[in-house]
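Please open the model in your viewer and keep the selection tool at hand. The tour below proceeds from one selection to the next.

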Amino acid sequence: MKYKLFGTHTGLPASELVLGAASLGGRRGYGAVAEDIPKILSAYADACGNFIDVADQYQLGEAEEIVGKFIGQQRGNFIICTKYTRSSEVKPAPANSGNHRKAMRQAVEASLKRLKTDYIDIYMPHYDDGLTPLDEIARGLEDLVKTGKVLYIGLANFPAWKATAIASTIPLAALQIEYNLAQRTADRELISMAKHFGLGTMFYSPLAGGLLTGKYRKGSSGRLTNASPQGYQEDATTKAIIDQLEEIAIEVEATPGQVALAWTLTKDAFPIIGARTLDHIKDSLKALDIHLTTDQITRLDNISAVKMGYPHDLLKTVQTRY
Ligand SMILES: NC(=O)c1ccc[n+]([C@@H]2O[C@H](COP(=O)([O-])OP(=O)(O)OC[C@H]3O[C@@H](n4cnc5c(N)ncnc54)[C@H](OP(=O)(O)O)[C@@H]3O)[C@@H](O)[C@H]2O)c1
């Protein structure tokens, strides 16, 4: 696995694939079985992965506990990104959830405990709660850096205009967004904003929850049939994308899922892979060996492109290019 600097404002060498820990644990009733968990983490670390994404909410705190136990004595070798907003409880009290300072402080202390560490590498709200003033979030995160409990700060699931407002007042380092061949609406604002501020950009759900592996059209079951039936589905658009993935998979002698991951690796970002089984992680790591040609990347870019809309469409017609 190669390392890349995390954004243009850090000297942090991060592995090009991040391991997502949302499926590590069973408290949510759907996740990896206990005996597979250390094997999934070891397979990733053995491939030289050094970057793990977790959140207090994942498996109601269990995922952080698992990651904390795994990194143990090697804590200094791993970059840990964790998030707050929802807390680790099923129904958190209002004073213990959201993005306000009180929730932030309680969450960071609880995460440090579960992760068995005295600092978090990258910390971010999990989503915009729609209530907390942006300045309160920015100053709260900045204070966590001053105390040394957090090294870098970021945002997940924020509208671009709010992220811009925060990035204009404090040194923001990271942005976490949903981005894959079936979900590219971040092309409209968020990706350009991240580039403008030199943010380390983390793409979550690179396989669209498993849809892009093509397994559902073969009748397999998985998260999209068992745990999140409201999630990604095959429709006219995603059908064309999966058809293209299957075609390219034959050309490069890989699986459609590996091609989908290899495509995200061609973007200036850090895809977060989600694995529920040891086979998943082994399969996903093979994406690192795939070399997509310019033609193959263009075919995938074109089939998955989203309509940019206003003002982008207008600007294309009126801006002069030299
Ligand atoms: N910030 C946020 O709001 C946010 C949101 C979502 C995720 N994330 C982060 O991103 C990570 C990855 O997200 P994700 O789980 O949605 O990623 P994903 O890559 O889109 O989906 C992963 C799922 O696809 C299926 N899968 C993976 N490899 C497969 C294979 N080789 N064959 C068949 N099925 C396979 C598995 O589900 P099944 O076997 O159950 O079908 C697996 O859990 C999470 O762990 C988390 O760290 C962040």
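## A guided tour

Begin by selecting Leu314, which counts as partly exposed because its relative accessibility is 42%. The model on the screen is a predicted one. Leu314 belongs to helix H12, residues 312-318. Next, add Leu245 to the selection: the two residues are 69 apart in sequence, and their C-alpha atoms are 32 Å apart in space.

**Helix H8**

Leu245 is one of the buried residues of H8, so extend the selection to the whole helix, residues 236-252. What span should its 17 residues have at 1.5 Å a residue? The expected value is 24 Å, and the end C-alpha atoms are 25 Å apart, which agrees.

Now colour the buried residues of H8: Thr238, Ile241, Ile242, Gln244, Leu245, Ile248 and Ala249. Look down the axis of H8; these residues fall within an arc of 160 degrees, and therefore they line one face of the helix. Ala236 and Ile250, on the other side of H8, are exposed. Against which helices do the buried residues of H8 pack? Select helix H9 (256-265) and helix H11 (294-304) to see these partners.

**Ser304 in helix H11**

Within helix H11, select Ser304. This residue has a relative accessible area of 5% and is therefore buried, the cut-off being under 20%. Leaving aside residues up to four places away in sequence, Ser304 touches Leu181, Arg184, Ile241 and Trp263. Ile241 is also among the buried residues of H8.

**Helix H5 and Lys162**

Move on to helix H5, residues 160-167, and mark its buried residues: Ala160, Lys162, Ala163, Ile166 and Ala167. They cover an arc of only 160 degrees around the axis, which puts them on the same side of H5. The elements that cover them include helix H4 (134-147), strand E7 (150-156) and H6.

Is Lys162, a residue of helix H5, buried or exposed? Lys162 is buried, because its relative accessible area is 14% and the cut-off for a buried residue is under 20%. Show its contacts with Asp128, Gly130 and Leu134, where residues up to four places away in sequence are not counted.

**The largest pocket**

Turn now to the empty space in the model. The largest pocket has a volume of about 1,400 Å³. It is lined by 46 residues, and those closest to its centre are Ala22, Ser23, Ser205, Gly209 and Arg223. Select these five, then add strand E8 (174-178), helix H7 (223-226), strand E10 (270-274) and helix H10 (278-285), each of which supplies at least two residues of the lining. If you colour the lining of the largest pocket by class, you will find 14 nonpolar, 22 polar and 10 charged residues.

**The second largest pocket**

For the last stop, go to the second largest pocket, with a volume of about 290 Å³. Which of its 18 lining residues are closest to its centre? They are Lys195, Leu199, Thr201, Asp268 and Ala269. Strand E1 (3-5), helix H6 (190-196) and strand E9 (200-204) each contribute at least two residues to this lining. H6 is already familiar, as it is among the elements that cover the buried residues of H5. By class, the lining of the second largest pocket consists of 8 nonpolar, 5 polar and 5 charged residues.

Definitions and conventions:
Residues are numbered from 1 along each chain as its sequence is written. This is a predicted model: local features need pLDDT of at least 70, side-chain atom pairs count only at pLDDT 80 or more; totals for chains, interfaces and linings use all residues. Side-chain values use heavy atoms; hydrogens and water are left out. On a 1 Å grid over the protein atoms alone, a cavity is a set of points where a 1.4 Å probe fits but cannot get out, and a pocket is an open set with protein on both sides within 12 Å along at least five of seven lines; lining residues have an atom within 4 Å of a point. Grid points are joined across faces, edges and corners, and a volume is the space filled by probe spheres set on the points. Helices (H or I, at least four residues) and strands (E, at least two) are DSSP runs, numbered from the N terminus. Ala, Val, Leu, Ile, Met, Phe, Trp, Tyr, Cys and Pro count as nonpolar, Asp, Glu, Lys and Arg as charged, and the others, Gly among them, as polar. The expected span of a helix is 1.5 Å times one less than its number of residues. Buried means under 20% relative accessible area, exposed over 50%, partly exposed in between (1.4 Å probe, protein chains only). The arc is that of the directions from the helix axis to the C-beta atoms. Contact means heavy atoms within 4.5 Å.
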